[in-house]
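This report describes selected features of a single protein chain. Please examine the sequence and the structure shown below before reading on.

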Amino acid sequence: MKITPKEFKEKLEKYITLNFGCDLSNAGKRQVYQAVLGVTNEILAEKKACSVSQIALAWLLKQKIEAFPIVSASTGSRMEENVKAMGIELSEDEAKWLNLE
């Protein structure tokens with residue numbers, strides 16, 4: 001069964017409400033979504049044989065905004081890792097999952 005990110009988000013909210021007996025505040029929802037995105041990023045990173053930070057940079061580059069992510073690196077190897085993120089292709093479905101649309 002394939003589920004859309006929007007359906008997942010709705011099911012997650014319903015699960016939280018039913019199992020914890022309360023609606024979460026926006027801050028609480030944000031924490032849950034961040035935890036889910038962390039796991040999603042780890043799964044994508046494993047699938048694409050790259051790091052979680054590379055997935056995050058690839059996602060930023062995929063956004064349709066007129067801005068540039070500014071990254072810094074403490075070592076040369078970290079800078080190389082950041083540059084390699086430009087070569088990571090995220091599908092539309094993967095980007096939707098990361099956006100929780």
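With which residue does Lys 62 form a salt bridge? The partner is Glu 92, and the closest N and O atoms of the two residues are 3.2 Å apart. Because Lys 62 belongs to helix 3 and Glu 92 to helix 5, the pair ties together parts that are 30 residues apart in sequence. Lys 62 is partly exposed, with a relative accessible area of 27%, and Glu 92 is also partly exposed, at 46%. The model examined here is a predicted one.

**Salt bridges**

The count of salt bridges comes to 4. Three of them are listed in the table, including the pair already described.

| Pair | N to O distance |
|---|---|
| Glu 94 and Lys 47 | 3.1 Å |
| Glu 94 and Lys 48 | 3.3 Å |
| Lys 62 and Glu 92 | 3.2 Å |

Glu 94 bonds in this way with Lys 47. Glu 94 is found in helix 5, which covers residues 92–99, and Lys 47 in helix 2, so this salt bridge ties together parts that are 47 residues apart in sequence. Glu 94 also forms a salt bridge with Lys 48. That pair links distant parts of the chain, for Lys 48 sits in the loop between helix 2 and helix 3, 46 residues from Glu 94.

How accessible are these residues? Glu 94 has a relative accessibility of 8% and therefore counts as buried, since the limit for that class is under 20%. Lys 47, by contrast, is exposed, with a relative accessible area of 60%. Lys 48 is partly exposed, at 27%. Returning to the pair in helix 3 and helix 5, Lys 62 has a relative accessible area of 27%, whereas the value for Glu 92 is 46%. Salt bridges with shared partners join Lys 47, Lys 48 and Glu 94 into one network.

**The nonpolar core**

In soluble globular proteins, nonpolar side chains tend to be buried together. The largest nonpolar core of this model has 8 residues: Leu 44, Ala 45, Cys 50, Ile 55, Ala 58, Ile 88, Leu 90 and Leu 98. Helix 2 (26–47) and helix 3 (52–62) each supply at least two residues of this core. Within the core, Cys 50 touches Ala 45, Ile 55 and Ile 88, when residues up to four places away in sequence are not counted.

**An exposed lysine in helix 1**

Lys 6 is part of helix 1, which spans residues 5–20. Its relative accessible area is 52%, so Lys 6 is exposed. Lys 6 and Asn 99 are 93 residues apart in sequence, while their C-alpha atoms are 9.5 Å apart in space.

Notes. Residues are numbered from 1 along each chain as its sequence is written. This is a predicted model: local features need pLDDT of at least 70, side-chain atom pairs count only at pLDDT 80 or more; totals for chains, interfaces and linings use all residues. Side-chain values use heavy atoms; hydrogens and water are left out. A nonpolar core is a set of buried Ala, Val, Leu, Ile, Met, Phe, Trp, Tyr and Cys residues joined through side-chain atoms within 4.5 Å. Buried means under 20% relative accessible area, exposed over 50%, partly exposed in between (1.4 Å probe, protein chains only). Helices (H or I, at least four residues) and strands (E, at least two) are DSSP runs, numbered from the N terminus. Contact means heavy atoms within 4.5 Å. A salt bridge is a side-chain nitrogen of Lys or Arg within 4 Å of a carboxyl oxygen of Asp or Glu.
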